[in-house]
Amino acid sequence: MTIPAAPDRFADRTRPVDPARPFGAHLVMSWWKPVLMTVVVVGALYLLQILFLAVAAIVEVRMLGKDPADESLTPLTYLAVNLAIILLVPITLPMLRLMTGTPWRDVLAVGRRFSWRRLGRWTAVFAGLMVVANLVLPLVQPSPLSAVAVTGTTVALLAIVALTTPLQAAAEEIVFRGVLTAAYGSWLRPARPALAVGISLSTVLFALVHTSADPWMLLNYLGLGASTALMAMLSRGLEPSIAFHAMNNVFAMGIGAVFAYGGGIAQDRSAGAGGPYMLLFLLAQAVGVLIVWQVEKRRAEREGSVAASE
């Protein structure tokens, strides 16, 4: 697996972005700026979630009569969590621009423009992959059919999943892969060590902010962070990583809503909540990386053939 790079003629050391370097190691900044950005991202994430969840609790408990002991994700609490994550983007991107002068477009792709067409194609590919993974899942981890119910809560949850989960996944990719991976990678000049440091640190942070005590869930978060970072590196942009993350979350939360006995989605992240069946999703992540690698390899070969014939 090779690290794609743009031609050297794009290199410009006076800019905050070096398009000659791989995506994920293309930002240039002072050593302390990634540290400050990490503090702001983590602090803003938790503060926004506390604020929005508090508002949701007041509405649900005092006005709708929800049991205070119920920790499941109801439509309002799920919306609160997603909005807190989505709002990280308008906090992080202006901060990056203010501190480094990096345009927001260079967070989405490097050496080329971000492509909505690519995003749509990758979304279709990874939707198919998630269909296959979730058809296999009942064979290794059966779910009771009695858990299937469609109520007003179920419909509301599915609507919020469809409308906000893709935005939530895109926000995590922009912040963790588009900004923080490249920010940590700026600490080293050699491309390969920079990528290793950037991907490793942003992946560990991504897993930790999900606050799971279960080793299988933690492994899944680590795999998701690392695989989407590799997808971004291989394609020099966030289209495949956003598409994979969005489809992963949409299917997980949508199925969770349908198998919730008509209530809120369970969000148990304590030790023992996961299991070996989660290796199936690690396999899906690996397959996703391999698909991106092959597609980008063939794209590069086609572009090389066209250039050679001119």
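Me: The expected span of a helix is 1.5 Å times one less than its number of residues. How do you know that the reach of α3 is close to the one expected?

Reply: Helices here are DSSP runs of H or I with at least four residues, strands are runs of E with at least two, and both are numbered from the N terminus. α3 has 13 residues, and 18 Å is expected for it; from its first C-alpha to its last it reaches 18 Å, so value and definition fit. A word on the source: this is a predicted model, where local features need pLDDT of at least 70, side-chain atom pairs count only at pLDDT 80 or more, and totals for chains, interfaces and linings use all residues. Residues are numbered from 1 along each chain as its sequence is written, and side-chain values use heavy atoms, leaving out hydrogens and water.

Me: What makes the span of α6 agree with its number of residues?

Reply: Its 34 residues should span 50 Å, and the end C-alpha atoms lie 46 Å apart, which agrees.

Me: Why is Gly 185 called buried?

Reply: Buried means under 20% relative accessible area, exposed over 50%, and partly exposed in between (1.4 Å probe, protein chains only). Gly 185, in helix α6 (residues 152–185), has 0% relative accessibility, so it counts as buried. Leaving aside neighbours within four places in sequence, Gly 185 is in contact (heavy atoms within 4.5 Å) with Arg 21, Gly 24, Ala 194 and Gly 198.

Me: And why is Ile 91 called partly exposed?

Reply: Its relative accessible area is 32%, which lies between the two cut-offs. Ile 91 sits in helix α3 (residues 88–100) and, beyond neighbours within four places in sequence, is in contact with Val 40, Ala 44 and Leu 48.

Me: Which residues of α3 are buried, and what covers them?

Reply: They are Leu 88, Val 89, Thr 92, Leu 93, Met 95, Leu 96, Met 99 and Thr 100. They cover an arc (taken from the directions from the helix axis to the C-beta atoms) of only 160 degrees, which puts them on the same side of α3. What covers them includes α1 (32–63), α2 (75–86), α4 (105–108) and α6.

Me: What makes α6 "mostly covered"?

Reply: Of its 34 residues, 24 are buried.

Me: Where does α6 bend?

Reply: At Thr 164, by about 40 degrees, and Pro 166 follows within four residues. The bend is the angle between axes fitted to the seven residues ending at a residue and the seven starting there.
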